[in-house]
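Me: I'd like a close look at one single part of this model. Pick one residue, start there, and then walk me outwards from it in plain words.

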Amino acid sequence: LTPADALKYWRAVQERVLGLQRRMPSRVLILDYDRFCALPEQELSRLIEFLGRSVTLEDWQQLITKVDPPSSIGRFKRYGLDGLDPDDVAFVARLGYDV
């Protein structure tokens, strides 16, 4: 498995999920893991609202403390884009990710 293979697979999954979200917007919420780790309060609010739930302040605080970003976030920045399909890289950029 190469980085190019992994990116191609990631893209296929993202395209599938985006298609599902377009067809069923009230049933599919896409949460960006990196964004969730960086902005847990904001993203957790989105998730709770999407689920139509409410939480107590105590539960909220407990949920927020569970977010523990791994050190692997952003590891792609150590590598160049050599060997990656330019179309896959362009797809990543269109989704708003740093390339």
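Reply: Let's start with Glu 43, which is buried, with a relative accessible area of 1% (buried means under 20% relative accessible area, exposed means over 50%, and partly exposed is in between, using a 1.4 Å probe and protein chains only). Before we go on, keep in mind that this is a predicted model, where local features need pLDDT of at least 70 and side-chain atom pairs count only at pLDDT 80 or more, while totals for chains, interfaces and linings use all residues. Residues are numbered from 1 along each chain as its sequence is written, and side-chain values use heavy atoms, with hydrogens and water left out.

So who keeps Glu 43 company? Leaving out residues up to four places away in sequence, Glu 43 touches Leu 31, Arg 35 and Phe 36 (a contact means heavy atoms within 4.5 Å). With Arg 35 there is also a side-chain link, a polar contact of 3.1 Å. That term means a pair of N or O atoms within 3.5 Å; within protein, one must be able to donate a hydrogen and the other to accept it, and residues adjacent in sequence count only if both atoms are side-chain atoms.

Now zoom out a notch: Glu 43 sits in helix α3. Helices here are DSSP runs of H or I with at least four residues, strands are runs of E with at least two, and both are numbered from the N terminus. The twelve residues of α3 should span 16 Å at 1.5 Å a residue, and its end C-alpha atoms are 16 Å apart, which agrees. (The expected span is 1.5 Å times one less than the number of residues.) Glu 43 shares its burial in α3 with Pro 40, Leu 44 and Ile 48. These buried residues of α3 cover an arc of only 135° around the axis, which puts them on the same side of the helix; the arc is that of the directions from the helix axis to the C-beta atoms. What they pack against is α2 (33–38) and α4. After α3 comes Gly 52, with a positive phi near 70°.

Two of those α3 residues turn up again in the largest nonpolar core, which has five residues: Phe 36, Leu 44, Ile 48, Trp 60 and Ile 64. A nonpolar core is a set of buried Ala, Val, Leu, Ile, Met, Phe, Trp, Tyr and Cys residues joined through side-chain atoms within 4.5 Å. The elements giving two or more residues to this core are α3 (40–51) and α4 (57–65). In soluble globular proteins, nonpolar side chains tend to be buried together. Take Trp 60: apart from neighbours within four places in sequence, Trp 60 contacts Glu 41, Leu 44, Ser 45, Ile 48 and Val 55.

Let's compare that with another helix, α1. Helix α1 (residues 3–23) has 21 residues and reaches 30 Å from its first C-alpha to its last, close to the 30 Å expected. Its buried residues are Leu 7, Arg 11, Gln 14 and Gly 19. Viewed down the axis, the buried residues of α1 fall within an arc of 135°, so they line one face. Turned away from that side are the exposed residues Tyr 9, Arg 16 and Arg 23.

Part of what covers the buried residues of α1 is α5 (86–94). In α5 the buried ones are Asp 88, Val 89, Phe 91 and Val 92, while Pro 86, Asp 87 and Arg 94 are exposed on the other side.

The two helices also share a ring pair. Rings of Phe, Tyr and Trp (its six-membered ring) pair if their centres lie within 6.5 Å; planes under 30 degrees apart count as stacked, over 60 as edge-to-face and the rest as tilted. There are two aromatic pairs in the structure. Trp 10 and Phe 91 have ring centres 6.2 Å apart and planes at 70°, so they are edge-to-face. Trp 10 is in α1 and Phe 91 in α5, so this pair ties together parts that are 81 residues apart in sequence. The pair of Trp 10 and Tyr 97 is edge-to-face as well, at 5.7 Å centre to centre and 75° between the planes. Trp 10, Phe 91 and Tyr 97 form one aromatic cluster.
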